[in-house]
Amino acid sequence: MNANQFLKAVSQLQGWRECAFLLSLAERSFPNYALFADAVGLKTGAKMRQMLDQGWGMLQEDVAESAIPQLLAKLEALSPDVEAYDAYGVYPAFDFCQLLEQALLNRLNPAKHRATEASQMATGTVMSFIEMSEGDELDEDGLVRLLEVHPLMKEDKAFQRDLVLALKRQRTPTQQFTEGLRIDAANEGVSNLGISLTE
């Protein structure tokens, strides 16, 4: 699947497939939030984990529409203010919140397409991280080359591509299928930035 085919496939995601795509992106970036919250002494990691679990639960059962605005309000309360922290980690943590927000909004308004922007956002988190951690001394060409060959970029690409292919092949969101997606996305607690919850 080349880049154009991938973009087309993402743009065609709708309904439960789009929601599952958004949740998977959020799941993969969850450690970025949990580790940041931990590092700055916010006791919000467990609450956010619970919200993400509720999001996954929505694929299996119909959720009262009235419950979603409450979840969105809760998410906003748990989202870090990027202006309030000096640490770089606030940005990937905030990106995670944005991805989860898109998944929840998808359940509220499934007609609005969100997957393409979310896919770019998730990849953007990885690009910014590489630029921040390894791109300081590089000119623009050097940075482009670094991003092309960087293992984190390759992993992000492979993860998103495999996810789209799995969703296209699946007819209904069975429990077994969504559980498999979730386990793949969780990546044994290693985020899209290669940082781990267990280290």
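A crossing of two helices is called left-handed if the near helix is turned anticlockwise from the far one by less than a right angle, and right-handed if clockwise. In this predicted model, local features need pLDDT of at least 70 and side-chain atom pairs count only at pLDDT 80 or more, while totals for chains, interfaces and linings use all residues. Residues are numbered from 1 along each chain as its sequence is written, and side-chain values use heavy atoms, with hydrogens and water left out.

Helix H3 (residues 45-60) passes helix H4 (residues 67-78) in such a left-handed crossing. The two pack at an angle of about 150 degrees, with their axes 11 Å apart, which makes H3 roughly antiparallel to H4 (a term for angles over 145 degrees). Their contact (heavy atoms within 4.5 Å) is made by Lys47, Met48, Met51, Gln54 and Met58 of H3 together with Ile68, Leu71, Lys74, Leu75 and Leu78 of H4.

Helix H3 also takes part in salt bridges, each a side-chain nitrogen of Lys or Arg within 4 Å of a carboxyl oxygen of Asp or Glu. Arg49 pairs in this way with Glu27, the closest N and O atoms being 2.9 Å apart; Arg49 lies in H3 and Glu27 in helix H2 (residues 15-39), so the pair ties together parts that are 22 residues apart in sequence. Arg182 and Asp53 meet in another salt bridge, at 2.4 Å from N to O, and because Arg182 lies in helix H9 (residues 175-186) and Asp53 in H3, this pair ties together parts 129 residues apart in sequence. Through shared partners, salt bridges join Glu27, Arg49, Asp53 and Arg182 into one network.

How values were computed. Axes fitted to C-alpha atoms, helices over the stretch in contact; angles between N-to-C directions. Helix = DSSP H or I, 4+ residues; strand = E, 2+ residues; numbered from the N terminus. Parallel < 35°, antiparallel > 145°, perpendicular 65-115°, else oblique.
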